[in-house]
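Thanks, everyone. I have one structure to walk through today. Please bring it up on your screens.

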Amino acid sequence: MKSFKIALLLLISGVALTSTSCFPEGGGLVNPEYKIINVWRLAHSYCDDVEVDTATFNTDDIYYQAFMPNVLYYIYVDHVMNVLCVYHGQVRQSTFSTWILDKQDKTLTLNYTLLGRHYQYTADIRKLSKNELIIEFDDEGRHWRLEMYSQSGF
């Protein structure tokens, strides 16, 4: 009976260790869709390897609003999403927002309208963990890299 308890403890420990791996680097037992469902704050974004901030880009240009630091991406179950940004002192949110995760190709497709501009792109997932999401994509001749961090505690 004692060996049974030890074997059970080892099995549970092994499952716990394998389920903490990151996508796409490791497989693990945790479905990547469960990791992507979160509130993500855009911490850093890069356009053609130049960091997007108020010093290097025109903050009035609506094109850059979805890629400015501190934009929040609320990714919900059933492929529903909401994007929030602050534009001229007002909190603005997206309309019509969806997401699709392709586990086989390791891509994330985002589709939303923010401040009258429609964004639709398929991004390569460079890192997806419980607390960090890094994606890269090309849009209108520009190469983008977005680094997001979890704002929720689950």
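Let me start with the contacts. Take the pairs in this chain that touch and sit at least 6 apart in sequence: 47% of those contacts join residues at least 24 apart. One caution before I go on. This is a predicted model.

Now the layout. There are two helices and ten strands in the chain. In sequence order, the pattern reads α-α-β-β-β-β-β-β-β-β-β-β. The chain has 154 residues, and 41% of them are buried. About 8,700 Å² of surface is exposed, with 55% of that area supplied by carbon and sulfur atoms.

Next, the core. Which residues touch the most other members of the largest nonpolar core? They are Phe 67, Tyr 73, Tyr 112, Tyr 121 and Ile 135, out of 37 residues in that core. Several strands give two or more residues to it, among them β1 (38-47), β3 (72-75), β4 (81-87) and β6 (95-102). The list also includes β7 (107-114), β8 (117-128), β9 (132-139) and β10 (142-150). The most comes from β8, with five residues.

Look at Tyr 121 for a moment. Set aside its neighbours within four places in sequence. What is Tyr 121 in contact with then? Among its partners are Phe 67, Tyr 73, Tyr 112 and Ile 135. Those four names were also on the list of core residues that touch the most other members. The contacts of Tyr 121 further include Leu 108, Thr 109, Leu 110, Phe 137 and Leu 146.

Now the strand pairing around β8. On one side, β7 and β8 pair antiparallel, over eight bridges. Within that pairing, Tyr 112 stands opposite Tyr 119 in β8. The two strands form a hairpin with two residues between them. Leu 115 sits in that turn, and its phi is positive, about 55 degrees.

Then there is the pairing with β9. Here β8 and β9 run antiparallel, joined by four bridges. Ile 125 has Ile 135, in β9, as its bridge partner. Ile 135 came up before, as one of the core residues with the most contacts to other members. This connection is a hairpin too, through three residues.

A general point on strands. In a regular strand, side chains alternate between the two faces of the sheet. Keep that in mind as you scroll along the strands.

On to backbone angles. Two aspartates deserve a look. Asp 49 is not a glycine, yet its phi is positive, about 65 degrees. Where is Asp 49? It lies in the loop between β1 and β2 (50-51). Asp 49 is exposed, because its relative accessible area is 71% and the cut-off for exposed is over 50%.

Asp 78 is the second case. Its phi is near 65 degrees, again a positive value in a residue other than glycine. Asp 78 is in the loop between β3 and β4. Asp 78 also counts as exposed, at 65% relative accessibility.

Last topic: charges. Side chains of opposite charge can pair when their charged atoms come close. How many salt bridges are there here? The count is seven.

Take Glu 140 and Arg 117. Their side chains meet in a salt bridge, at 2.8 Å from N to O. This pair links distant parts of the chain, 23 residues apart. Glu 140 is in the loop between β9 and β10, while Arg 117 is in strand β8. Is each partner buried or exposed? Glu 140 counts as exposed, at 56% relative accessibility. Arg 117 counts as buried, at 16%, because the cut-off for buried is under 20%.

Next, Lys 127 and Glu 132, which meet at 2.9 Å, N to O. Lys 127 is partly exposed at 28% relative accessibility. Glu 132 is buried, with a relative accessible area of 16%.

Then Asp 124 and Arg 126, with an N to O distance of 3.7 Å in their salt bridge. Asp 124 is partly exposed at 33%. Arg 126 is partly exposed as well, at 40%. These two belong to a network of salt bridges that also links Glu 136, Arg 145 and Glu 147.

That is my tour. Over to you.

Definitions and conventions:
Residues numbered from 1 in each chain as written. Predicted model: local features only at pLDDT ≥ 70, side-chain atom pairs only at ≥ 80, totals over all residues. Heavy atoms only, no water. Core = buried A, V, L, I, M, F, W, Y, C linked by side-chain atoms within 4.5 Å. Buried < 20%, exposed > 50% of the residue type's maximum accessible area, 1.4 Å probe, protein only. Contact = heavy atoms within 4.5 Å. Areas by Shrake-Rupley, 256 points an atom, 1.4 Å probe, with all protein chains shown as cover. Pairing = 2+ DSSP bridges. Salt bridge = Lys/Arg side-chain N within 4 Å of Asp/Glu carboxyl O.
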